[in-house]
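Visitor: I would like to go through this structure with you, one question at a time. Could you begin with the terms we shall need?

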Amino acid sequence: MKLMNLAGIVGIILLIISLIFVGFSFISLYSKSTAEVGDISETESSLTNSIFSMILGIVSVILALFFYFGFVKMGEYAESKLLKVSSWLIISSILLFIFLMIFGVFYINAVTKEIMEGSSGGSSSFMFFLIIALMIAVFYVISNILFNVGLIKVSNRVKFSKSAGIIGIILLIMLVFLIVLSIFVFISIMSTLFEGGSSLGVAGGMMILLVVLYIGVIILGEVYLLLMSLSLLNASKNFE
């Protein structure tokens, strides 16, 4: 079986799913903005959207695991330990995120109950959970950097890998900036509301930049996924 070829096809499927998810999200957002308060049909629609998004998410995660396994094989054939190891690291980080999300559903409910009951241990437990989540996120970022460098290094043997690696690094920088900017905008809005202000001021301008950056990340992410898939298909053609 040509695993890299199959992984490349899975990547194309992931690309299609991500486009469906983005389109579905915008339609859902528009639907909520035009719906009247207390609209029963809107409540039913929101429930349907949540279930649909959950199904898409589960399918995407399963496919992503196999997709990155394709790069493990690429690393073996292209004799790149960096690409092989970093691919395993990304797979590990995805599995850790899954465990964190499953564990988090029960853990956060328990911690929230402790906080509402006035227990001092609830806040420290919640901080511990956030620290673990942050550590996994940092682990993923480092793994992703190594992965993209690995893609660039096998460019002499695999077509599209260099372009994918460069775009992957740019995308990662944009994502980090997007997260930092989101936190800044959130804090600015909360500060303005707390002080009783009606104008968002700097936060308003930052929100526009946030939307533009978000759209840019989506577009670049789709291009990144496409180039990764093409590199797998090319590696399959060269080695399998």
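Guide: Buried means under 20% relative accessible area, exposed means over 50%, and partly exposed covers what lies in between. The model is a predicted one.

Visitor: Is Glu222 buried or exposed?
Guide: Glu222 has its place in helix H6, and its relative accessibility is 14%. Because the limit for a buried residue is under 20%, the class that follows for Glu222 is buried.

Visitor: Leaving aside its neighbours within four places in sequence, with which residues is Glu222 in contact?
Guide: A useful starting point is Ile16, which stands 206 residues from Glu222 in sequence while the two C-alpha atoms are 9.2 Å apart in space. Once the neighbours of Glu222 within four places in sequence are set aside, its contacts are Leu15, Ser18, Leu19 and Val22.

Visitor: Which element gives the most to the largest nonpolar core?
Guide: The largest nonpolar core has 41 residues, and those with the most contacts inside it are Phe67, Tyr68, Phe71, Met74, Phe147 and Met228. The elements that give two or more residues to this core are helix H1 (3-34), H2, H3, H4, H5 and H6. With 10 residues, the element that gives the most to this core is H6.

Visitor: Which residues are in contact with Phe67, leaving aside its neighbours within four places in sequence?
Guide: Phe67 is among the residues with the most contacts inside the largest nonpolar core. When its neighbours within four places in sequence are left out, the residues in contact with Phe67 are Ala7, Val10, Gly11, Leu14, Leu225, Met228, Ser229 and Leu232.

Visitor: How far apart are the closest N and O atoms of Glu76 and Lys73?
Guide: Side chains of opposite charge can pair when their charged atoms come close. Glu76 and Lys73 are 3 residues apart in helix H2 (residues 40-77), so about one helical turn separates them. Glu76 counts as partly exposed at 36% relative accessibility, whereas Lys73 is buried at 19%. In the salt bridge that they form, the distance between the closest N and O atoms is 3.0 Å.

Visitor: Which residues are linked with Glu76 in a network of salt bridges?
Guide: Besides its salt bridge with Lys73, Glu76 meets the side chain of Lys84 in a salt bridge of 3.5 Å, N to O. Lys84 counts as partly exposed, its relative accessibility being 31%. The residues linked with Glu76 in the network are therefore Lys73 and Lys84.

Visitor: How many residues apart are Arg157 and Glu79?
Guide: Arg157 forms a salt bridge with Glu79, in which the closest N and O atoms are 3.9 Å apart. This pair links distant parts of the chain, with Arg157 in the loop between helix H4 (120-153) and helix H5 (161-194) and Glu79 in the loop between H2 and helix H3 (81-116). Arg157 is partly exposed at 34% relative accessible area, while Glu79 is exposed at 69%. Along the chain, the separation of Arg157 and Glu79 is 78 residues.

Visitor: Which helix gives the most to the nonpolar patch?
Guide: The nonpolar surface patch covers about 540 Å² and is made by Phe26, Val211, Tyr214, Ile215, Ile219 and Val223. Ile219, one of these residues, is exposed, with a relative accessible area of 52%, and is found in helix H6. With 5 residues in the patch, the helix that gives the most is H6 (residues 202-239).

Notes. Residues numbered from 1 in each chain as written. Predicted model: local features only at pLDDT ≥ 70, side-chain atom pairs only at ≥ 80, totals over all residues. Heavy atoms only, no water. Patch = residues over 30% accessible without salt bridge, like charges linked within 9 Å, V, L, I, M, F, W, Y side chains within 5 Å. Areas by Shrake-Rupley, 256 points an atom, 1.4 Å probe, with all protein chains shown as cover. Salt bridge = Lys/Arg side-chain N within 4 Å of Asp/Glu carboxyl O. Helix = DSSP H or I, 4+ residues; strand = E, 2+ residues; numbered from the N terminus. Buried < 20%, exposed > 50% of the residue type's maximum accessible area, 1.4 Å probe, protein only. Contact = heavy atoms within 4.5 Å. Core = buried A, V, L, I, M, F, W, Y, C linked by side-chain atoms within 4.5 Å.
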